[in-house]
Amino acid sequence: MLLNSTFAQDLYKDDTIQLSDRNSQTISDNQNHRFNLNIETNFDSSNRLRIRPDFSYTKGNNISSSSSDIRRYIGNDTTGISRSTSTNSRENSSYNASVGTTYMHAFSKKGRSITLDLQLSSNRNESSGTNFGNIYNYQTDHDSLTNQQFSPVNDSKSINTTLSYTEP
């Protein structure tokens with residue numbers, strides 16, 4: 001997906017005009033995939049097993065750039081205030097995988113049962129990218145630069161169990 005935007009702002013005060021022009025562009029490419037399943041079996045009238053695997057995967061790339069220019073007009077004189085540019089890029093991928101398993105046994109007494117539930121999950125999220133920015137101040141003739149790189153990785157795994165006994 002490509003997104004372009006332009007913004008212009010004119011501020012007036014007495015004989016002074018301040019103009020702000022901003023342009024930005026963003027390109028995004030994202031993919032999502034998902035798989036899930038529900039398997040149930042009754043071994044007999046008293047015992048039942050349910051298995052629910054689930055998997056999802058996401059991948060994305062985003063690039064954005066922007067620029068702005070701020071100028072002041074007093075009478076016929078033009079004075080630059082600041083000019084800035086920035087470019088940001090990011091790639092990310094993540095997966096989520098889980099399986100839920102439930103075993104239930106119904107006893108001969110009506111309403112009495114025992115249930116064991118087991119949940120396993122694993123998640124991972126990786127991203128990397130850059131942030132680059134340059135702001136130039138006309139009045140001080142000074143550049144302010146930002147050049148950042150990042151690459152966080154998050155992992156999580158979990159196991160949850162529940163044992164339930166029902167008595168009427």
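Me: Is phenylalanine 107 buried, partly exposed or exposed, and what is its relative accessibility?
Reply: In this predicted model, phenylalanine 107 has a relative accessibility of 34%, so it counts as partly exposed.

Me: Where does tyrosine 95 stand in that respect, and what is its relative accessible area?
Reply: Tyrosine 95 is partly exposed, with a relative accessible area of 25%.

Me: Back to phenylalanine 107, then. How are its ring and the ring of tyrosine 165 arranged: stacked or edge-to-face?
Reply: Edge-to-face, because the planes of phenylalanine 107 and tyrosine 165 are at 65°, with the ring centres 6.4 Å apart. Phenylalanine 107 lies in the loop between strand 5 and strand 6, while tyrosine 165 is in strand 8, so the pair ties together parts that are 58 residues apart in sequence.

Me: How many aromatic pairs are there in the whole structure?
Reply: A search of the whole structure turns up three. One of them is formed by phenylalanine 55 and tyrosine 95, whose ring centres are 6.3 Å apart and whose planes are at 20°, so this pair is stacked.

Me: Which strands do phenylalanine 55 and tyrosine 95 come from?
Reply: Phenylalanine 55 is in strand 4 and tyrosine 95 is in strand 5 (residues 77-106), so the pair ties together parts 40 residues apart in sequence. Phenylalanine 55 itself is partly exposed, at 36% relative accessibility.

Me: What kind of surface patch does Phe55 belong to?
Reply: A nonpolar one, formed by Phe35, Leu37, Ile39, Phe55 and Tyr57. Together they have about 440 Å² of accessible area.

Me: Where is isoleucine 39 placed?
Reply: Isoleucine 39 sits in strand 3, which covers residues 39-42. It is partly exposed, with a relative accessible area of 41%.

Me: New topic: how many salt bridges does the structure hold?
Reply: Eight. Among them is the one where the side chains of aspartate 54 and arginine 34 meet, at 3.4 Å from N to O. Aspartate 54 lies in strand 4 (residues 47-74) and arginine 34 in strand 2 (residues 16-36), so this pair ties together parts 20 residues apart in sequence.

Me: And which of those two categories fits arginine 34, buried or exposed?
Reply: Arginine 34 is exposed, with a relative accessible area of 58%. Aspartate 54 is partly exposed, at 22%.

Me: Which residue does glutamate 40 pair with?
Reply: Glutamate 40 meets arginine 50 in a salt bridge, 3.7 Å from N to O. Glutamate 40 is in strand 3 and arginine 50 in strand 4, ten residues apart, and the pair links distant parts of the chain.

Me: What about aspartate 155: which residue is its salt-bridge partner?
Reply: Arginine 124, with the closest N and O atoms 2.4 Å apart. This pair also links distant parts of the chain: aspartate 155 is in strand 8 (residues 153-166) and arginine 124 in strand 6, 31 residues apart. There is a network as well, in which salt bridges that share partners join Lys109, Arg112 and Glu167.

Me: Last one. Where is tyrosine 138 found?
Reply: In the loop between strand 6 (113-137) and strand 7 (142-150). Tyrosine 138 is partly exposed, with a relative accessible area of 26%.

Me: Which residues does tyrosine 138 touch, leaving out those up to four places away in sequence?
Reply: Tyrosine 138 touches Asp69, Arg71, Gly80, Ile81, Ser82 and Arg83.

How values were computed. Residues are numbered from 1 along each chain as its sequence is written. This is a predicted model: local features need pLDDT of at least 70, side-chain atom pairs count only at pLDDT 80 or more; totals for chains, interfaces and linings use all residues. Side-chain values use heavy atoms; hydrogens and water are left out. Patches are made of residues with over 30% relative accessible area and no salt bridge: like charges are joined within 9 Å, nonpolar side chains (Val, Leu, Ile, Met, Phe, Trp, Tyr) within 5 Å. Accessible areas come from the Shrake-Rupley method with a 1.4 Å probe; for residues, only the protein chains shown count as cover. A salt bridge is a side-chain nitrogen of Lys or Arg within 4 Å of a carboxyl oxygen of Asp or Glu. Helices (H or I, at least four residues) and strands (E, at least two) are DSSP runs, numbered from the N terminus. Buried means under 20% relative accessible area, exposed over 50%, partly exposed in between (1.4 Å probe, protein chains only). Contact means heavy atoms within 4.5 Å. Rings of Phe, Tyr and Trp (its six-membered ring) pair if their centres lie within 6.5 Å; planes under 30 degrees apart count as stacked, over 60 as edge-to-face and the rest as tilted.
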